[in-house]
Amino acid sequence: MRCGLLFCLCLTGLASAAELLTDFRPSPLRSAHGPVVQVEFATAFLNVEPGSLALHLPGAMLNFRFDEAVWIVGYRTSLLDAQGSEPKENHLCHTFLGDQRVMQTGDQEVRGLYSDHYTPEIRLPDGFGVRAAAREPLHWMPMFNNRASDPVRVRMKVVLSVIRVKQVTKPLTPLYATLRSAQTPHLYFVEPGHDERKAEFELPFNGRIHFLGTHIHPYGSAVELFNVTRNESVWRGGRKLDSKGEMTGFDSYSNGEGYRVKAGERFRVTAAYDNPTSAPIDAMAGLYILYSRLSNGP
Ligand SMILES: [Cu+2]
């Protein structure tokens with residue numbers, strides 16, 4: 001198996017097929033809507049220089065397609081070091097996968113998923129999926145951080161869980177996504193102590209929100225989505241800590257029934273950081289919203 005190019009599909013053995021993902025394997029995931037299979041790919045080893053934040057690495061992005069129509073129902077990314085272990089440090093800023101490149105401002109609707117260090121895996125509520133047509137061009141973009149003083153060498157492995165359209169046994173509901181940041185530009189710095197950033201926006205669709213996930217950096221403490229029109233909180237998530245008080249993950253919202261949205265309602269995303277250090281820290285605060293559309297309004 002050759003991995004001489006900057007990007008390769010080493011794990012699937014599809015290096016010669018490059019960007020066409022066809023190697024479906026059994027998945028441990030189960031769905032009432034059809035058999036779930038998974039397809040994997042990985043980057044080659046990449047050097048991430050010290051001081052890198054939200055770094056795009058040349059050659060680390062991938063344009064790919066499925067040979068047949070699929071519903072993407074799960075997405076997992078993991079970083080591996082030269083020993084094949086997951087590094088303890090946080091080198092994954094975030095990734096995007098979808099039908100277009102994700103813009104971090106404005107009213108963009110994408111069909112895609114994301115991951116970050118604190119939300120490395122998304123499993124959509126059963127019965128929902130992101131639809132990809134046969135041979136439709138899809139784009140995958142990883143971004144990296146290295147807050148240490150030495151370069152690191154890592155590769156990223158991706159597992160996509162899908163239901164093949166030809167194997168669907170019960171209809172699925174398509175999900176669409178939009179990314180909303182509490183701060184633009186999205187990379188900012190937080191002084192020691194408590195910090196909150198807020199942004200308001202309008203959602204232009206009638207539908208239901210079924211998944212909310214955050215993109216957050218170390219010391220991010222809470223993210224809230226608030227419906228300003230109705231004066232009610234939609235969801236508030238916080239960080240997960242281990243027994244030593246180390247941040248290990250962040251809450252997400254996943255619900256088959258979902259939260260109703262009426263076109264034109266205004267929302268506010270608020271992100272809080274608590275910086276316990278004596279120096280400014282880097283921060284990002286994004287909310288990735290996955291929703292279904294209702295043709296006749298909520
Ligand atoms: Cu980031």
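How are the donor residues of the copper ion spaced in sequence? In this predicted model, the spacing follows the pattern C-x121-H-x1-H-x66-M. The pattern corresponds to coordination of the copper ion by Cys93 through SG, His215 through NE2, His217 through NE2 and Met284 through SD. The coordinating distances run from 2.0 to 2.4 Å. Around the copper ion, the 4 donor atoms subtend angles of 89 to 128°, and the arrangement is therefore tetrahedral. The criterion applied here requires all angles among four donors to lie between 85 and 135 degrees. For four tetrahedral donors, the ideal angle at a metal is 109.5 degrees.

Cys93 and His217 link distant parts of the chain, with their positions 124 residues apart in the numbering. Cys93 belongs to strand β9 (residues 92-98), whereas His217 is located in the loop between β19 (207-216) and β20 (220-227). Both of these residues, Cys93 and His217, are buried.

The protein chain is assigned two parts, domain 1 (7-170) and domain 2 (175-293). Taken over C-alpha atoms, the centres of domain 1 and domain 2 are separated by 22 Å. To the contact between them, domain 1 contributes 31 residues and domain 2 contributes 33 residues. About 2600 Å² of area is buried between domain 1 and domain 2, and carbon and sulfur atoms account for 60% of this area. The interface of domain 1 and domain 2 is also crossed by 2 salt bridges.

Salt bridges were then examined over the whole structure, which holds 16 of them. Side chains of opposite charge can pair when their charged atoms come close. One of the pairs is formed by Arg135 and Asp67, whose side chains meet at 2.6 Å, N to O. Arg135 is placed in the loop between β12 (128-132) and β13 (138-146), and Asp67 in the loop between β7 (62-66) and β8 (70-80), so this salt bridge ties together parts that are 68 residues apart in sequence. Arg135 is partly exposed, at 42% relative accessibility, and Asp67 is likewise partly exposed, with a relative accessible area of 35%.

A further salt bridge joins Arg293 to Glu109, with the closest N and O atoms 2.6 Å apart. This pair links distant parts of the chain, 184 residues apart: Arg293 is in strand β26 (residues 285-293), and Glu109 is in the loop between β9 and β10 (112-116). Arg293 has a relative accessible area of 42% and is partly exposed. Glu109 is classed as partly exposed at 29% relative accessibility.

Between Arg266 and Glu202, the salt bridge has an N to O distance of 3.9 Å. Arg266 lies in strand β24 (residues 266-275) and Glu202 in strand β18 (residues 193-202), so parts that are 64 residues apart in sequence are tied together by the pair. Relative accessibility is 31% for Arg266, which counts as partly exposed. Glu202 is partly exposed as well, with a relative accessible area of 38%.

Asp282 and Arg147 also form a salt bridge, in which the closest N and O atoms are 2.7 Å apart. In addition, a network of salt bridges links Glu68, Arg164 and Lys166.

Conventions
Residues are numbered from 1 along each chain as its sequence is written. This is a predicted model: local features need pLDDT of at least 70, side-chain atom pairs count only at pLDDT 80 or more; totals for chains, interfaces and linings use all residues. Side-chain values use heavy atoms; hydrogens and water are left out. Donors are N, O and S atoms within 2.8 Å of the metal (3.2 Å for Na, K and Ca); water is not among the atoms, so sites may look incomplete. Four donors count as tetrahedral if all angles lie between 85 and 135 degrees; four count as square planar and six as octahedral if opposite donors are over 155 degrees apart and all others between 65 and 115; anything else is irregular. Helices (H or I, at least four residues) and strands (E, at least two) are DSSP runs, numbered from the N terminus. Buried means under 20% relative accessible area, exposed over 50%, partly exposed in between (1.4 Å probe, protein chains only). Domain bounds come from an automatic or database domain assignment. Contact means heavy atoms within 4.5 Å. Buried area is the accessible area (1.4 Å probe) that two parts lose on being put together, summed over both. A salt bridge is a side-chain nitrogen of Lys or Arg within 4 Å of a carboxyl oxygen of Asp or Glu.
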